[in-house]
Amino acid sequence: MFLLHRFEIVKESPYLMALVDAVALGIIINFGLYFLLSRPFNKIFRAMDKVGEEDFSVRLTLKQNDEIGQLAESFNNMISSLQKAEEEKIQRNQFIETVTQGIEEGLMLLDTNLKILWANKKVIESSGLKRDEVIGNYCYKVTHRRDDPCKAPQDICPISEVIKTGKPVTVLHTHFDKEGNKFYAEVSAYPVRDNKGAIVRFIHVSHNVTERIRMIEELKSAKAKIEEYSQTLEDKVEERTKELKATQAKLLQAGKMAAVGQLASGVAHELNNPLSTILNNAKLIKIIIAQGKDFNLGELKEDAEFIEESVSRCKKITQSLLDFSHVSTGQWQSVSVNEVIEKVLVLVEHDIKFKDIIIQKDLQGDLPRIKGDPQLLQEVFFNIIANASWAIEKKGDEKGGTITIKSQYHKDANSIVILISDTGIGIAKDNLDRLFEAFFTTKDVGEGTGLGLSIAYNIVKSHKGTIEVESQEHKGTTFKITLAVS
Amino acid sequence: MTGKKKVFIADDDEPALISLKKLLSLSGFEVEGTSKPKEALAAIKSFKPDIILLDLLMPGLGGLEICVMLNEDKATQGIPIIAVSALGGYTDIKKAYKLGVVGYFTKPYDYEKLVEEMNKILARKENTEP
């Protein structure tokens, strides 16, 4: 139709015909441009609007192989990347949210004016306020319920400290919960800097440490109590030790005095016999001189010598007794073990003689000296010999018995061994373990205190020595004392 | 008194025995003695003393045991015994008197008093003997 009409118009006017052609061409071009350019671009603009609205699901479907088709494909790729980045961002935010909201610590982001820019769930919950009452509020109002910033010395403001030092700071604060209950919070503040390094924000982390503080306080209190108790205990132990030492010293002396008492009859005999001899010989000399005739000078000399000898005997026994009953000074000195044994024998030999007991001595002559307390060591030998004498008497053998005393130096061990054996009743196996126990005795009342061997054991122990015993019932007992040569 | 009175001394302490023997000899006694208690009984039986001075504390055989033996033996029964002992306790003295001693002297004793006592005992004995 149009072409026919054109033909008719062209027929009428060639100019008109040219104009019609031009218009027709324009229309054709316009249509061409609409299909080729305007429609795809509109699609692109709409898609971009959607992306602007954060809809990253939009995609362009232009089946064109020209530049516009390529543009659409690039657009789709870009949107896919954006979508992926957005998803990752959401995931990351969710993760941060999970962490910051899930932790027991209160987290806040503060500005330099101590205003809260952000706070986690813990801060909101603990404050008892609504989120919008917390955000934008001052940290001291929310956590401390006070109108002014924290000040030293009660509560040091960690933010001020971070500003001062430029470094993270941790302080202990008293906070209040929504019910107004006081609790202890360990507060750490960290600086957040801008690109130029200036501090622009602060991360404020608070953790309820009330339980920990309470435990520390309890521990401190318990420690103080323990220290106090320990001190009291130490005082008590010291006091008791002093008492025990005093009692032990008294006991030692009492034991010694009891032993002296046991010796009394023997000592009396030992002293009274020479005294009697002295007196009689003096009388004798007086009579001989009084008679004034035919006196034998040799006889007089013999009488005088008897007096001298008797005085020496008296002196020996009194000296031994004095030595024995002397309270130990606790001073150690160089001691000859043989001398100690001999002194003890002076004291006991008379008593022993009356029980028909023979003393056999086998004391090594060149015995090295040891370091010790001679008074105490005398008591050791006295108690063992007195026990041996008792054991022989108890056995009731008409022939009496024998006490053998040996001293030997053992070069390999650099020690002195003293063996004291008797042929007495022996010790029952059951009693051997308890032999050195204080107050343990099988003797009848009045025969012994049960202290002798216990004292001997403790004295030997205090001399870093050992005391051993071997016994056979009805055959006898041997005590072995080993003392180190220092 | 007829002749020297015989005294026997048993004392294990040798110097004491010797000095007493000398003193008693000077005082006019015929004296014998031993320091070995186990030999005492035989020596007494052989010597036949008028009086015995007996030490109570002696090893092996004590004075009190000898006392019992002397009292039991017909040959020695009735010989007055004076105990001479270093022990002077009440119990010791009582025990000795129970066993028949007629005098008790605690060492160191006064020699004159001992002789005085011996003479008294001997005089008493003489008076009572037929």
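Let me start at a single residue, Asn414(A), which sits in the loop between β9 and β10 of chain A. Its phi is near 45 degrees, a positive value in a residue other than glycine, and Asn414(A) is exposed, with 11 other C-beta atoms within 10 Å. Please keep in mind throughout that what we are looking at is a predicted model, and that every value I mention is computed from it.

The loop between β9 (401–410) and β10 (415–422) of chain A also holds Lys411(A). Is Lys411(A) buried or exposed? It counts as exposed, because 9 other C-beta atoms lie within 10 Å, and the cut-off for that label is 12 or fewer. Although Lys411(A) and Val485(A) stand 74 residues apart in sequence, their C-alpha atoms are 9.6 Å apart in space.

Another positive phi in chain A belongs to Glu54(A), where the angle is about 65 degrees although the residue is not a glycine. Glu54(A) is placed in the loop between α2 (14–52) and α3 (67–102) of chain A, and it counts as exposed, with 9 C-beta neighbours inside 10 Å.

Let me now step back to chain A as a whole. Chain A contains 13 helices and 12 strands, and of its 486 residues 26% are buried. If we take the contacts in chain A between residues at least 6 apart in sequence, 58% of them join residues at least 24 apart.

Two helix pairs in chain A deserve some time. Two packed helices are described by the angle between their axes and the distance between the axes. For helix α9 (residues 297–325) and helix α10 (residues 337–353) of chain A, the axes come within 9 Å and cross at roughly 110 degrees, which makes α9(A) roughly perpendicular to α10(A). The crossing of α9(A) past α10(A) is left-handed. On the α9(A) side the contact is made by Lys316(A), Ile317(A), Ser320(A), Leu321(A), Asp323(A) and Phe324(A), and on the α10(A) side by Lys343(A), Val346(A) and Leu347(A). Sorted by class, this contact has five nonpolar, one polar and three charged residues.

The helix α10(A) also meets helix α11 (residues 374–395) of chain A, and here the axes come within 9 Å and cross at roughly 35 degrees. This time the crossing is right-handed. Among the residues of α10(A) that take part are Val340(A), Ile341(A), Val344(A) and Leu347(A), and among those of α11(A) are Leu377(A), Phe381(A), Phe382(A) and Ile385(A). The contact of α10(A) with α11(A) divides into 12 nonpolar, two polar and two charged residues.

Now to chain B, which has five helices and five strands. Read from the N terminus on, the elements of chain B run β-α-β-α-β-α-β-α-β-α. Buried residues make up 41% of the 130 residues in this chain.

Which residues of helix α2 (residues 37–47) of chain B are buried? They are Pro37(B), Ala40(B) and Ile44(B). Seen down the axis of α2(B), these buried residues fall within an arc of 20 degrees, so they line one face of the helix. The spacing is easier to understand once we recall that an α-helix has 3.6 residues a turn, so residues three or four places apart point the same way. On the other side of α2(B), Lys38(B), Glu39(B), Ala42(B) and Ser46(B) are exposed. The cover over the buried residues of α2(B) includes β1 (6–10), β2 (30–34), β3 (51–55) and α3 (63–72) of chain B.

The helix α3(B) can be read in a similar way, with Gly63(B), Leu64(B), Ile66(B), Cys67(B) and Leu70(B) buried. Down the axis of α3(B) the buried residues fall within an arc of 155 degrees, so they too line one face, while Val68(B) and Glu72(B) on the other side are exposed. The buried residues of α3(B) pack against β1, α2, β3, β4 (81–85) and α4 (90–98) of chain B.

Finally, let us put the chains together. The contact between them takes 17 residues from chain B and 20 residues from chain A. Helix α1 (residues 14–26) of chain B gives the most to the side of chain B that touches chain A, with seven residues, and that side divides into 12 nonpolar, two polar and three charged residues.

Methods
Residues are numbered from 1 along each chain as its sequence is written. Chains are lettered from A and ligands numbered from 1 in the order in which they are written. This is a predicted model: local features need pLDDT of at least 70, side-chain atom pairs count only at pLDDT 80 or more; totals for chains, interfaces and linings use all residues. Axes are lines fitted to C-alpha atoms, for helices over the stretch in contact, and angles run from 0 to 180 degrees between N-to-C directions. Helices (H or I, at least four residues) and strands (E, at least two) are DSSP runs, numbered from the N terminus. Angles under 35 degrees count as roughly parallel, over 145 as roughly antiparallel, 65 to 115 as roughly perpendicular and the rest as oblique. A crossing is left-handed if the near helix is turned anticlockwise from the far one by less than a right angle, and right-handed if clockwise. Two residues are in contact if their C-beta atoms, placed from the backbone, lie within 7 Å. Ala, Val, Leu, Ile, Met, Phe, Trp, Tyr, Cys and Pro count as nonpolar, Asp, Glu, Lys and Arg as charged, and the others, Gly among them, as polar. A residue is buried if 20 or more other C-beta atoms lie within 10 Å of its own, exposed if 12 or fewer, and partly exposed in between; C-beta atoms are placed from the backbone. The arc is that of the directions from the helix axis to the C-beta atoms.
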